[in-house]
Amino acid sequence: NEGDRVVHIGWNDWYEGVGGTVVEITKLPNASGVLRSPHWYLVVILDTAETIEDRAVNFVPESDFHSGSYIPF
């Protein structure tokens, strides 16, 4: 949801593990049609004052990141 705190977990990205706040959520259709589900994109303002837009699967809730309750693969 907008306003939620998340952490980016994209592998090999310089901002891996950097937290931020969700400011926008966009639903884009799945162009390949393989899984028949939409792709959700988040626009996040990072704590480093930068804005990143990436697929929702590359973010986890900040509380899950710090507790280690998500599986990173």
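**Note on a five-strand sheet with one helix**

1. Surface first. The chain exposes about 5000 Å². Carbon and sulfur atoms supply 54% of that area. The model is a predicted one, so read what follows as computed from predicted coordinates.

2. Make-up. The chain holds 5 strands and 1 helix. Read from the N terminus, the order is β-β-β-β-β-α. Of the 73 residues, 27% are buried. Among contacts with a separation of 6 or more, 34% link residues 24 or more positions apart.

3. Sheet. What is the strand order? The 5 strands form an open sheet in the order 4-3-2-1-5, and the pairing is antiparallel. Strand 4 and strand 5 (59–61) are the edges. Each has a single partner strand, so one side of each lacks a neighbour in the sheet. From one strand to the next, the twist averages 45 degrees. As background, strands of a sheet pair through backbone hydrogen bonds, in parallel or antiparallel fashion.

4. Strands 2 and 3. Strand 2 covers residues 19–28 and strand 3 covers residues 39–46. They pair antiparallel over 8 bridges. To fix the register, take Thr-21: its bridge partner in strand 3 is Ile-45.

5. Strands 3 and 4. Strand 4 (residues 51–55) runs antiparallel to strand 3, and 5 bridges join the two. Val-43 stands opposite Glu-53 of strand 4. The pair makes a hairpin with 4 residues between the strands. Check Ala-49 in the turn: its phi is positive, about 70 degrees.

6. Strands 1 and 5. This pair is antiparallel over 3 bridges. Val-7 stands opposite Val-60 in strand 5. Strand 1 itself spans residues 5–8.

7. Core. Which residues make up the largest nonpolar core? There are 9: Val-6, Tyr-15, Val-18, Val-22, Leu-42, Val-44, Leu-46, Ile-52 and Phe-59. Strand 3 gives the largest share, 3 residues.

8. Val-6. This core member has a long contact list. Leaving out residues up to four places away in sequence, Val-6 touches Val-18, Gly-19, Gly-20, Val-22, Val-44, Phe-59, Val-60, Pro-61 and Glu-62. Val-18, Val-22, Val-44 and Phe-59 are also core members.

9. Ile-52. Is Ile-52 buried or exposed? Its relative accessibility is 7%, under the 20% cut-off, so Ile-52 counts as buried. Ile-52 lies in strand 4, an edge strand. With residues up to four places away set aside, Ile-52 touches His-8, Tyr-15, Leu-42, Val-43, Val-44, Leu-46 and Phe-59. Gly-20 is 32 residues from Ile-52 in sequence, and their C-alpha atoms are 9.3 Å apart.

10. His-8. Look at this residue in strand 1. At 0% relative accessibility, His-8 is counted as buried. Which residues does His-8 contact beyond its neighbours within four places in sequence? They are Asp-13, Tyr-15, Glu-16, Gly-17, Val-18, Ile-52, Asp-54, Asn-58 and Phe-59. Among them, Tyr-15, Val-18, Ile-52 and Phe-59 belong to the nonpolar core.

11. Where the threads meet. Ile-52 and His-8 are in contact, and both count as buried. Tyr-15 and Phe-59 appear in the contact list of Ile-52 and again in that of His-8. Phe-59 also touches Val-6. For a look at the interior of the model, Phe-59 is one place to start, as a member of the core.

Key: Residues are numbered from 1 along each chain as its sequence is written. This is a predicted model: local features need pLDDT of at least 70, side-chain atom pairs count only at pLDDT 80 or more; totals for chains, interfaces and linings use all residues. Side-chain values use heavy atoms; hydrogens and water are left out. Buried means under 20% relative accessible area, exposed over 50%, partly exposed in between (1.4 Å probe, protein chains only). Contact means heavy atoms within 4.5 Å. Accessible areas come from the Shrake-Rupley method with a 1.4 Å probe; for residues, only the protein chains shown count as cover. Two strands pair if DSSP finds at least two bridges between them. A nonpolar core is a set of buried Ala, Val, Leu, Ile, Met, Phe, Trp, Tyr and Cys residues joined through side-chain atoms within 4.5 Å. Axes are lines fitted to C-alpha atoms, for helices over the stretch in contact, and angles run from 0 to 180 degrees between N-to-C directions.
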